[in-house]
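Thank you all for coming. I would like to walk through one model with you, and please keep the sequence and the structure in view while I talk.

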Amino acid sequence: MIPYGKQEIDQSDIDAVIQTLKGDWITSGPKIDEFEKAIAEYVGAKHAVAVNSGTSALDIAVGALELPEGSEIITTPFTFVATSNCILYNGCKPIFADIDLKTYNIDPDEIRKKITKKTKAIIYVDYAGQPCDIDEIREIAQEHDLKLIEDAAHAIGAEYKGKKVGSLADMTEFSFHPVKHITTGEGGIVTSNNEELVKKMRMLRNHGMDRSLRERLGPNASYAYDIKTLGRNYRITDIQCALGYSQLKKLDGIIEKRTRIAAAYAKAFDEMDGITTPFVKNDVKHAWHLYTILLDKGMDRDKFFNEMRTREIGVNVHYIPIYMFSYYKKLEGAAMDKNNFPNTNDVFSRIITLPLYPGLETIEIEKVVNAVRECTNSDKG
Ligand SMILES: *Cc1c(COP(=O)(O)O)cnc(C)c1O
């Protein structure tokens with residue numbers, strides 16, 4: 001089976017991890033600072049706070065806003081469930097806004113329709129690695145005094161109007177899960193230019209403590225610390241950060257390879273009936289976390305999916321809309337009626353994710369393309 005995504009670990013990554021294992025610090029040590037600084041510099045942000053998952057990163061980002069219970073946060077339903085779970089963890093209410101039919105990103109006009117007196121923030125997701133209409137979203141945020149969190153789990157290295165994502169929102173989250181561009185096994189990070197928010201996030205990842213372990217060591221340091229807020233243990237290890245730091249050096253090459261594979265797919269599918277390839281806006285640099293195709297209306301996506309899997313192509317579906325999950329449907333006062341999201345329903349019913357990762361060989365790309373050709377034809381027949 002050709003998987004839809006896969007990490008790329010080489011000897012230099014392995015060496016970096018082993019070197020860290022032999023050192024004094026395997027957690028809460030200097031590799032974390034080094035990784036945070038390198039990521040902040042790469043994306044053009046002042047600060048970065050690394051944690052043990054992208055989900056934890058989203059959680060501390062929402063937590064740092066210290067919003068009153070019951071505040072509303074507008075987000076897309078066409079995302080991984082972590083994007084909205086982090087809203088619930090913090091006692092707030094996720095309000096979904098429908099997506100744009102071309103980019104599958106949240107539609108700014110739909111955001112406007114969902115704003116109430118309780119709206120405090122927007123979490124937008126750069127679906128598949130294509131940045132949202134960020135200027136428009138920022139305009140809405142300024143008009144209504146809302147905070148912005150960018151879920152850029154798909155979009156490290158992506159650019160919007162010539163600027164890397166990472167400092168365009170108040171806080172930006174990246175994930176280092178193995179299917180993402182670079183990995184730490186599990187891991188995530190928040191980048192931000194706002195020092196106050198960064199200070200709060202550092203406390204939230206470490207039990208709410210106002211001083212880190214290293215600040216409490218050394219000849220003249222006191223043992224004392226205070227608990228300022230209710231935090232968690234979301235710490236990432238030095239072992240993971242050593243891997244992440246080593247991986248980051250290869251990120252530009254990884255994006256280049258992903259972009260080349262996406263272009264090869266686009267070229268192969270250009271003349272093929274029955275499918276639509278991804279639309280790319282001209283003011284962005286796409287990071288290509290996912291390569292999706294949209295089947296024509298009337299075709300049976302689930303049948304297509306099964307036939308591709310039979311041919312050992314590890315296709316996937318990104319994403320099942322969050323309002324379809326039973327836990328979300330049960331939420332009190334939830335506006336989870338699927339009739340509110342015609343575009344998301346339409347895209348969900350027809351979308352398929354194809355394999356895309358740096359190590360995907362030309363011969364495998366051909367195998368995927370041939371399988372798509374066969375399965376679209378068999379679907380018509
Ligand atoms: C991967 C991902 C996350 C974070 O996931 P983790 O597995 O916790 O790192 C968040 N949002 C989206 C859209 C993602 O794809």
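Let me begin with a term: a residue is called buried when its relative accessible area is under 20%, exposed when that area is over 50%, and partly exposed in between, with a 1.4 Å probe and protein chains only. Please bear in mind that this is a predicted model, in which local features need a pLDDT of at least 70 and side-chain atom pairs count only at pLDDT 80 or more, while totals for chains, interfaces and linings use all residues. Residues are numbered from 1 along each chain as its sequence is written, and side-chain values use heavy atoms, with hydrogens and water left out. Helices (H or I, at least four residues) and strands (E, at least two) are DSSP runs numbered from the N terminus.

With that in hand, look at strand 13 (351–354), which is covered on both faces, since Ile351 and Thr353 on one side are buried, and so are Ile352 and Leu354 on the other. Strand 13 belongs to an open sheet of 3 strands, in the order 10-12-13 and with antiparallel pairing, where two strands count as paired if DSSP finds at least two bridges between them. Strand 10 (275–276) and strand 13 are the edges of this sheet, and because each has a single partner strand, one side of each is left without a neighbour in the sheet. Strand 12 is joined to strand 13 by 4 bridges, and Tyr291 stands opposite Leu354 there. Strand 10 pairs with strand 12 over 2 bridges, and Ile275 has Leu295 as its bridge partner.

What covers the buried residues of helix 12? The cover includes strand 12 (291–295), helix 10 (301–310) and strand 13, and the buried residues of helix 12 (342–350) are Thr344, Asn345, Asp346, Val347, Phe348 and Arg350. Contact here means heavy atoms within 4.5 Å.

Now to the ligand, which is surrounded by 16 residues, the closest being Gly54, Thr55, Asp151, Ser175 and Lys180; a residue is near a molecule if one of its heavy atoms lies within 4 Å of it. Helix 3 (54–64) and strand 8 (171–175) each supply at least two residues of this shell, and helix 3 gives the most, with 3 residues. By type, the shell divides into 4 nonpolar, 9 polar and 3 charged residues, where Ala, Val, Leu, Ile, Met, Phe, Trp, Tyr, Cys and Pro count as nonpolar, Asp, Glu, Lys and Arg as charged, and the others, Gly among them, as polar.

For polar contacts, meaning pairs of N or O atoms within 3.5 Å, a polar side-chain atom of Thr55 lies 2.5 Å from an oxygen atom of the ligand, one of Ser175 lies 2.7 Å from a ligand oxygen, and one of Tyr319 lies 3.3 Å from a ligand oxygen. The protein covers 93% of the 380 Å² of accessible area that the ligand has on its own, with areas from the Shrake-Rupley method and a 1.4 Å probe.

Tyr319 deserves a second look in the backbone, since a cis peptide bond joins His318 to Tyr319, with omega about 5°, and Tyr319 is found in the loop between helix 10 and helix 11 (326–329). Most peptide bonds are trans, and most residues other than glycine have a negative phi.

Which residue in the loop between strand 11 (284–285) and strand 12 should we check? That residue is Trp288, which has a positive phi of about 50° although it is not a glycine, and which counts as buried because its relative accessibility is 9%.

Terms used
A polar contact is a pair of N or O atoms within 3.5 Å; within protein, one must be able to donate a hydrogen and the other to accept it, and residues adjacent in sequence count only if both atoms are side-chain atoms.
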